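Visitor: I am new to this structure and would like a close look at one part of it. Could you pick a strand and walk me through its surroundings?

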Amino acid sequence: QKTLGEATKGKFLFGTAVNMQQVNGVNAAESAIIASEFSAIVAENDMKPQPIHPAEDRFNWDNADKIVAFAEKNKQTLTGHCLIWHSQVPNWFFVGEDGKPATPEVLKERMRKHIHAVVGRYKGKIKGWDVVNEAFEDNGSYRNSKFYQILGKDFIKYAFQFAHEADPNAELYYNDYNVETPSKCDAIVQLVKELKAAGLRIDAVGSQSHMHMINPTVEAAEASFKKLKAAGVHILITEWDISILPSPYEGANISTNFSYSKEMDPYRDGVPADVQAKWNKRMLDMFNLFLKYDDVIDRVTVWGVTDNGTWLNGFPIRGRMDYPMLFDRNNKRKPIVDQMIKLA
Ligand code: XIL
């Protein structure tokens with residue numbers, strides 16, 4: 001029986017995000033699936049600034065080191081996520097010695113040290129890094145993060161410069177969600193141009209691809225691929241999942257603070273056949289599109305392995321259970337996987 005990693009060989013890498021239970025073998029079933037099914041992995045959390053660099057003078061390398069070893073053992077391509085992000089970043093980055101906001105010089109130097117330490121440690125072991133994550137709003141304006149407030153938009157250039165200094169051979173990526181939104185995609189294309197004009201390296205744009213039942217449409221996703229391709233960068237599908245639930249982003253009116261109820265796990269007795277069929281079609285339509293652009297798409301990574309472990313259990317509605325993954329709650333391959341393998 002072929003795996004997705006085997007079926008997509010020569011087209012793109014097929015990866016997944018991994019957590020420590022899987023890497024430690026505490027979750028042995030998922031661990032085995034990851035080892036056999038995927039040709040690439042990325043840390044779901046353990047290389048982010050907060051877990052890896054919780055205090056200015058302290059790094060937690062243990063988990064990240066184990067992920068590196070896991071990838072080596074299973075001969076999988078490893079990528080890094082993520083160096084600079086407004087979320088899951090410890091507050092010490094932004095506080096000056098006087099308790100006031102860090103000055104631009106101090107924050108820039110902290111970014112330099114952080115990036116040099118993390119990228120430097122895994123030099124030669126990580127194919128490429130999500131250097132900056134989620135710097136834009138959907139309307140194309142810069143997100144008003146602390147990095148932006150203190151350094152302005154140049155924080156992005158600094159991050160790419162430092163990452164390249166630390167590992168000149170590593171690929172460097174800009175990563176974001178809702179890249180299919182035209183205004184956001186245009187802003188990213190503009191950023192790519194500015195980085196290139198400044199002589200900085202950028203290999204690819206990561207399109208997270210956290211999708212819903214209606215949006216983004218295949219057409220919107222394709223339009224974003226065309227724009228990125230024309231901008232002269234490769235594309236990575238970095239965090240693919242399609243929520244099977246009604247989405248507040250698509251107008252569904254769902255209470256965000258319900259306590260335990262049927263609403264919390266609407267499909268616990270099984271996903272209705274029509275809903276499942278719709279999700280299957282959506283998965284296949286998107287996967288077909290990725291295949292159509294396999295000349296510029298280097299990797300497709302799903303954000304999790306089974307419906308048990310998906311981050312969408314609880315996002316964006318706290319406590320709500322989703323069914324977005326390729327493997328079900330019993331760690332069984334869903335039928336969709338064989339259909340994807342046939343398509344590839
Ligand atoms: C998520 C993880 O999956 C969760 O376990 C964690 O609690 C929060 O972050 N965009 C990203 C990812 O770039 O890092 C996020 O991962 C999902 C959204």
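Guide: Happily; what follows starts with the whole chain, settles on one strand, and then visits its neighbourhood.

Please keep in mind that this is a predicted model. The protein chain holds 12 helices and 9 strands. Its C-alpha trace spans about 60 × 45 × 45 Å along the principal axes. For 344 residues, a compact globule would have a radius of gyration near 20 Å, and the protein chain agrees because its own value is 20 Å. Buried residues account for 43% of the 344 residues. If you take the contacts between residues at least 6 apart in sequence, 77% of them join residues at least 24 apart.

Now to our strand, β6, which covers residues 204–207. Side chains in a regular strand alternate between the two faces of the sheet. In β6 both faces are covered. Ala-204 and Gly-206 are buried on one side, and Val-205 and Ser-207 are buried on the other.

β6 has a parallel partner in β5, residues 171–176, and 4 bridges join the two strands. One pairing you can look for is Asn-175 with its bridge partner in β6, Gly-206. To get from β5 to β6 the chain passes through helix α9, residues 182–197, and this β-α-β crossover is right-handed. β6 also pairs with β8, again through 4 bridges and again running parallel. Here Gly-206 stands opposite Leu-236 of β8.

Gly-206 has now come up several times, and it deserves a stop of its own. This glycine lies in strand β6. Gly-206 has 28 other C-beta atoms within 10 Å, so it counts as buried; the cut-off for that label is 20 or more. Leaving out residues up to four places away in sequence, Gly-206 touches Asp-130, Tyr-173, Tyr-174, Asn-175, Leu-236 and Thr-238. Val-179 is 27 residues from Gly-206 in sequence, and their C-alpha atoms are 8.6 Å apart in space.

Just along the chain you meet Ser-209, in the loop between β6 and β7 (210–211). Ser-209 has a positive phi of about 65 degrees, although it is not a glycine. It is buried, because 25 other C-beta atoms lie within 10 Å. Lys-75 makes a good companion to look at: it is not a glycine either, and its phi is positive at about 55 degrees. You will find Lys-75 in the loop between α5 (62–73) and β3. Lys-75 has 8 C-beta neighbours inside 10 Å, so it counts as exposed.

Let us turn to the helices around these strands, beginning with α8. This helix takes in residues 154–166, 13 residues in total, and reaches 18 Å from its first C-alpha to its last, close to the 18 Å expected at 1.5 Å a residue. Its buried residues include Phe-155, Tyr-158, Phe-160 and Phe-162. The buried residues of α8 pack against several elements, among them β5 and α9, the strand and helix from which the crossover leads to β6. Others that they pack against include β3, α6 (104–121) and β4 (128–133).

Helix α11 brings us back to β8, the partner of β6. It has 20 residues, 273–292, and stretches 28 Å from its first C-alpha to its last, close to the 28 Å expected at 1.5 Å a residue. The buried residues of α11 are Trp-279, Met-283, Phe-287 and Phe-290. They lie on the same side of α11 because they cover an arc of only 65 degrees around the axis. What covers them includes β8 (234–242), β9 (297–302) and α12 (335–343). The face turned away from that buried side carries exposed residues, including Ala-273, Asp-274, Lys-281 and Lys-292.

Two peptide bonds round off the tour. The bond from His-81 to Cys-82 is cis, with omega near -10 degrees, and Cys-82 is found in strand β3, residues 77–84. The bond from Phe-315 to Pro-316 is also cis, with omega near 0 degrees, and Pro-316 has its place in the loop between β9 and α12.

If you return to one spot, try Gly-206: it pairs with Asn-175, and it stands opposite Leu-236 in β8.

Technical notes. Residues numbered from 1 in each chain as written. Predicted model: local features only at pLDDT ≥ 70, side-chain atom pairs only at ≥ 80, totals over all residues. Expected span 1.5 Å × (residues − 1). Buried ≥ 20, exposed ≤ 12 C-beta atoms within 10 Å, placed from the backbone. Arc of directions from axis to C-beta. Contact = placed C-beta atoms within 7 Å. Pairing = 2+ DSSP bridges. Right-handed = clockwise from strand over helix to strand, strands pointing away. Rg over C-alpha atoms; globule rule 2.2 N^0.38 Å.
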